[in-house]
Amino acid sequence: MRNVNSVLKKNNYYAAESVQLVYSGSDFFEKLIALIQSANTIIHFQTYIYDEDETGLQIAHELKEAAKRGVKIYMLLDAFGSKDLSKVFIADLKKSGIRIRFFAPFFSKNIINLGRRLHHKIVVVDDCEALVGGINISDKYRGSANQTPWLDYAILIKGGVCEKASKICAAILNKRFIFSSRFPRSIPADSDTLVRFRQNDRLRGKRQISKEYIRSIKNANESIYFVSSYFLPGRRILKALKKSAKQGVAVHIILSAQSDIILYGRATSHLYTSLLKQGIHIYEWEPSILHGKIAMVDKQWITIGSFNLNYLSALSSIELNVEVLDKNLVNELYKHLQEIIKKGCKEIEYESYLIKNTWNNRLANLVTYYLTRLVLKTLAIFPKFLRWSRED
């Protein structure tokens with residue numbers, strides 16, 4: 001692993017008191033509720049999807065109870081992802097004292113907001129604890145006795161480094177994007193648990209996550225693991241993955257056998273042949289929809305958060321990931337990935353895939369792939385459209 005002192009000095013990693021991998025299902029929501037219940041002064045709560053179902057109602061109850069204790073609560077929800085919330089539900093939150101705002105309503109001041117979305121999922125409590133990942137507030141991510149939760153992840157971080165997460169949330173909430181990145185707390189140089197928050201927001205000049213993906217792939221020596229939903233990466237990442245595989249790096253990509261977006265799975269399937277041909281291992285998770293976004297390189301470096309490997313995340317949406325250097329977390333994630341590959345995935349074999357992938361399937365995949373890329377790239381490049389004026 002890289003020298004800790006150089007990491008702190010050059011790459012802006014900071015020590016955390018602790019980090020913990022959190023899984024979708026009861027694990028995530030139990031920790032989220034405990035976090036809200038522990039709040040004393042302030043909560044920043046920002047997410048893409050908030051559903052008004054059993055899970056959403058329970059989290060809303062906990063937030064209202066915290067507000068009764070005098071905790072200041074700032075909620076920022078994406079106006080598209082959380083568009084189904086009722087006026088009664090929203091009014092009830094506001095009545096309890098919760099400050100709630102919706103990011104980028106579809107129609108806003110002569111602007112039609114399309115691809116520009118608040119996609120990250122983060123809760124920060126008292127500037128000292130943060131829960132960051134890809135898990136939305138919905139029954140789908142919690143699961144039930146009869147339904148396997150969507151496969152997804154988050155990370156629970158404790159320590160002064162969470163001030164940075166709080167500042168990021170406040171900046172987006174208040175539309176003030178210039179803030180100091182310095183932390184008043186001391187940073188022990190001998191810490192074994194290092195983290196840094198990384199953002200993607202191209203319109204604000206931030207492409208930290210996408211650049212770090214490419215850098216880490218190119219610098220990989222032994223292994224790369226991706227858990228990736230909505231997998232349609234750009235040419236630079238695809239080229240880097242194939243080159244790493246040619247150089248002997250063991251590349252493993254875990255995708256979803258089923259997709260919640262019509263035709264997306266077929267579009268992703270178009271990439272299988274060229275990836276498998278380079279010796280890249282592809283696995284499909286079968287028990288539920290896979291929604292996670294994780295990368296692990298050389299069993300040393302992890303990134304986890306909201307960032308998908310596609311044009312929307314790279315060029316348009318506001319995304320947040322956490323990069324982690326921690327041996328214990330790496331070991332836990334590695335064991336978990338081996339377990340889900342063994343127990344919940346089928347591996348796509350090159351020869352058998354070629355036999356099953358008939359010419360009409362290949363044609364359908366090809367057309368769907370380029371059509372999906374065109375739609376995503378259009379939304380990414382033109383996230384906002386001007387509306388015509390009343391005089392026209």
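**Close-up 1. Helix α3 has an exposed face and a buried side.** On the face of α3 turned away from its buried side, look for Glu54 and Lys68, which are exposed. This is a predicted model, so keep that in mind for every view here. The buried residues of the helix are Thr55, Gly56, Ile59, Ala60, Glu62, Leu63, Ala66 and Ala67. Seen down the helix axis, they fall within an arc of 160 degrees, so they line one face of α3. An α-helix has 3.6 residues a turn, so residues three or four places apart point the same way. The buried residues of α3 pack against α2, β3, β4, α4 and α5.

**Close-up 2. Here are the length and the two ends of α3.** Helix α3 runs over residues 54–68, and its 15 residues should span 21 Å at 1.5 Å a residue; the end C-alpha atoms are 21 Å apart, which agrees. At the N-terminal end, Asp53 acts as a cap, with a side-chain oxygen 3.3 Å from the backbone nitrogen of Thr55. Just after the helix comes Gly70, with a positive phi of about 95 degrees.

**Close-up 3. Helix α12 can be read in the same way.** Its 18 residues, 327–344, reach 25 Å from the first C-alpha to the last, close to the 26 Å expected. Buried in α12 are Leu329, Val330, Leu333, His336, Leu337, Ile340, Ile341 and Gly344. These residues cover an arc of only 130 degrees around the axis, which puts them on the same side of α12. Turn to the other side and you meet the exposed residues Lys327, Asn328, Lys335, Lys342 and Lys343. The N-terminal cap is Asp326: one of its side-chain oxygens lies 3.3 Å from the backbone nitrogen of Asn328.

**Close-up 4. Strand β8 pairs with β3 and with β9.** All five residues of β8 (residues 121–125) are buried. Lys121, Val123 and Val125 are on one side and Ile122 and Val124 on the other, so to speak, with both faces covered. Strand β3 (residues 42–47) pairs with β8 in the antiparallel sense over four bridges, and Ile43 stands opposite Val125. Strand β9 (residues 129–133) also runs antiparallel to β8, joined by five bridges; here Val123 has Leu131 as its bridge partner. β8 and β9 form a hairpin with three residues between them, and Asp126 in the turn has a positive phi of about 55 degrees.

**Close-up 5. Leu32 sits in the largest nonpolar core.** This core has 80 residues, and those touching the most other members are Leu32, Ile43, Phe45, Tyr50, Ile59, Met75 and Phe226. Helix α2 (residues 26–38) gives the largest share, six residues. Beyond its neighbours within four places in sequence, Leu32 is in contact with Phe45, Ile59, Val123, Leu131 and Ile137. A second, separate core has 45 residues, including Ile157, Cys162, Cys169 and Phe197.

**Close-up 6. Asp78 is a buried residue in strand β4.** You will find Asp78 in the strand that covers residues 72–78. Asp78 counts as buried because its relative accessibility is 0%. A polar atom of the Asp78 side chain lies 2.9 Å from the backbone nitrogen of Phe80. Leaving out residues up to four places away in sequence, Asp78 touches Thr47, Tyr48, Lys83, Phe102, Phe103, Arg117 and Leu118. His120 is 42 residues from Asp78 in sequence, and their C-alpha atoms are 9.4 Å apart in space.

How values were computed
Residues numbered from 1 in each chain as written. Predicted model: local features only at pLDDT ≥ 70, side-chain atom pairs only at ≥ 80, totals over all residues. Heavy atoms only, no water. Core = buried A, V, L, I, M, F, W, Y, C linked by side-chain atoms within 4.5 Å. Buried < 20%, exposed > 50% of the residue type's maximum accessible area, 1.4 Å probe, protein only. Helix = DSSP H or I, 4+ residues; strand = E, 2+ residues; numbered from the N terminus. Contact = heavy atoms within 4.5 Å. Pairing = 2+ DSSP bridges. Polar contact = N/O pair within 3.5 Å; in protein donor to acceptor, adjacent residues only side chain to side chain. Expected span 1.5 Å × (residues − 1). Arc of directions from axis to C-beta.
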